[in-house]
Amino acid sequence: HQLAKHNGDEGDDEFNLGSTTISNSNNRTQATINGDISGGSGNDRFTLDLGVRVNGTIDGGADTDSFNLVEGSAKNVNGGSGNDYFTIRNSFSYSDSNLVLDGGTGEDNLSFDALTGSIKAENLVNFESFNVGGFSKLNFTGNQLTIQNSTDPNSYNTIGIDEGSELSFSSNSFTIAGGKGLSNRGTLNLRGAAPGRLLTIE
């Protein structure tokens with residue numbers, strides 16, 4: 001089932017993209033949106049669920065937006081301006097090496113919840129805080145994660161690992177750059193096939 005692009009208006013919009021799935025008693029057909037989704041200005045909420053595929057960019061536009069990426073896939077997700085909140089859950093197709101998550105301007109947070117798998121660190125851009133939680137086992141591919149420096153004194157401005165969650169790296173040399181570095185209450189796994197693995201926190 002294929003749908004055209006979606007656009008919001010200048011108010012607060014809610015995009016529940018799981019509702020575009022067609023179901024019957026025998027099977028479930030995932031919808032495909034061939035185009036971009038734009039929230040425009042306003043405090044918008046986006047939920048991507050039930051295997052919906054977006055062959056374009058989800059753009060929050062201006063103001064404070066939230067992105068709940070549960071199950072499905074998208075080409076790019078852009079928070080735009082404002083303070084935005086991203087959550088990636090376990091069944092979202094985050095493994096696509098071309099997927100870019102961009103917080104945009106403002107104070108932006110990206111959380112990984114109950115997620116097991118790998119994601120390219122260089123494709124996570126313009127975020128002031130990251131959190132690995134919900135018993136996630138997250139592996140970063142690539143060589144560097146950049147945390148944008150925050151101007152908000154109340155911002156954690158780190159990558160945090162919650163108790164029961166784990167963060168590892170594919171590269172033998174990985175850098176966490178910017179912000180206030182790493183806050184670890186879980187497991188930081190530096191084990192690998194090659195000896196002398198190096199984690200640099202700048």
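The exercises below concern the salt bridges of a predicted model, which holds three such pairs.

**Exercise 1.** Determine which parts of the chain are joined by the salt bridge between R89 and D113, and how exposed the two residues are.

*Solution.* Begin with the contact itself: the side chains of R89 and D113 meet with 2.2 Å from N to O, which satisfies the criterion because the cut-off is 4 Å. Next, place the residues: R89 belongs to strand β11 (residues 85-92) and D113 to strand β13 (residues 109-113), so the pair ties together parts that are 24 residues apart in sequence. Finally, consider accessibility: R89 has a relative accessible area of 28% and is partly exposed, and D113, at 25%, is also partly exposed.

**Exercise 2.** Locate the salt bridge between E166 and K137 and classify each residue as buried, partly exposed or exposed.

*Solution.* The closest N and O atoms of E166 and K137 are 3.7 Å apart. E166 lies in strand β20 (residues 166-169) and K137 in strand β17 (residues 137-141), so this bridge ties together parts that are 29 residues apart in sequence. With a relative accessibility of 17%, E166 counts as buried, because the limit for that class is under 20%, whereas K137, at 46%, counts as partly exposed.

**Exercise 3.** Identify the loops that hold D162 and R185, and state the class of R185.

*Solution.* D162 and R185 form a salt bridge whose closest N and O atoms are 3.2 Å apart. D162 lies in the loop between β19 (159-161) and β20, and R185 in the loop between β22 (182-184) and β23 (187-189), so the pair ties together parts that are 23 residues apart in sequence. At 59% relative accessibility, R185 counts as exposed.

Note on methods
Residues numbered from 1 in each chain as written. Predicted model: local features only at pLDDT ≥ 70, side-chain atom pairs only at ≥ 80, totals over all residues. Heavy atoms only, no water. Helix = DSSP H or I, 4+ residues; strand = E, 2+ residues; numbered from the N terminus. Buried < 20%, exposed > 50% of the residue type's maximum accessible area, 1.4 Å probe, protein only.
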